[in-house]
Amino acid sequence: IRHYPLVSWRKLPALLVTFDINLAPLRGDNPFGQSKSEIKYMEAALLRVPTIASPTAAFQYAVHSGENGVLADDWLNCMEELVAKPALCREMGEKAYADVVSRYHPVKRATELVNTLNQIAQNCRGAPIWEAARLPQNDLSTSSSQWVAPNLQRYPEQAKLAVQ
């Protein structure tokens, strides 16, 4: 087990891809631990790295233990099993990648957001606002990834100008 200092999110993938197993420990017995998302699973999964995670609500939603990752009851046993079975480790990483692409891809999430906003608009105004059909429905596994430019990350109002 190696511990690394904090790195920027832009450098994180280069570090994560070197991992055999990603660990995502959280305390489930306090509100802070339960309020955290499954982002650690998603980041590693996009690089086909399996995650061993605490069984918080978010990780229980994302990780199907034994398939696309592991929800840890006994951390040492979970780590020993994956280290001893590299083929299982690779298979879990592949399944995690497929899961994240199918459930968390921006096109998928945008569609869900439009549907949610339309339900709210339907309830409040009597009609939907956006047409879901206008969203791209291409093959999610082959769409290109695009990074947000650092200046847009620092000054998001520039991104607003682009969509006006």
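Trainee: In what order do the three strands form the open sheet, and what is the pairing?

Mentor: Two strands are said to pair if DSSP finds at least two bridges between them. Here the three strands form an open sheet in the order β1-β2-β3, with parallel pairing. The edge strands, each pairing on one side only, are β1 (22-24) and β3 (70-71). Strand β2 (residues 51-53) pairs with β3 in the parallel sense over two bridges. Isoleucine 52 has valine 70 in β3 as its bridge partner.

Trainee: On what basis should I read this model?

Mentor: This is a predicted model, in which local features need pLDDT of at least 70 and side-chain atom pairs count only at pLDDT 80 or more, while totals for chains, interfaces and linings use all residues. Residues are numbered from 1 along each chain as its sequence is written, and side-chain values use heavy atoms, with hydrogens and water left out.

Trainee: How many helices and strands are there in the protein?

Mentor: Helices (H or I, at least four residues) and strands (E, at least two) are DSSP runs, numbered from the N terminus. The protein has nine helices and three strands, and along the sequence they follow the pattern α-β-α-α-β-α-β-α-α-α-α-α.

Trainee: Which strands does helix α5 lie across?

Mentor: Axes are lines fitted to C-alpha atoms, for helices over the stretch in contact (heavy atoms within 4.5 Å). Angles run from 0 to 180 degrees between N-to-C directions. Helix α5 (residues 75-84) lies across β1, β2 and β3 and runs at about 170° to β2.

Trainee: What is to be noted about the phi of arginine 48?

Mentor: Most residues other than glycine have a negative phi. Arginine 48, however, has a phi near 65°, a positive value. Its place is in the loop between α3 (39-45) and β2.

Trainee: Why does tryptophan 130 count as partly exposed?

Mentor: Buried means under 20% relative accessible area, exposed means over 50%, and partly exposed lies in between (1.4 Å probe, protein chains only). Tryptophan 130 counts as partly exposed because its relative accessibility is 41%. This residue is in the loop between α7 (106-125) and α8 (150-154). Of the 164 residues in the protein, 28% are buried.
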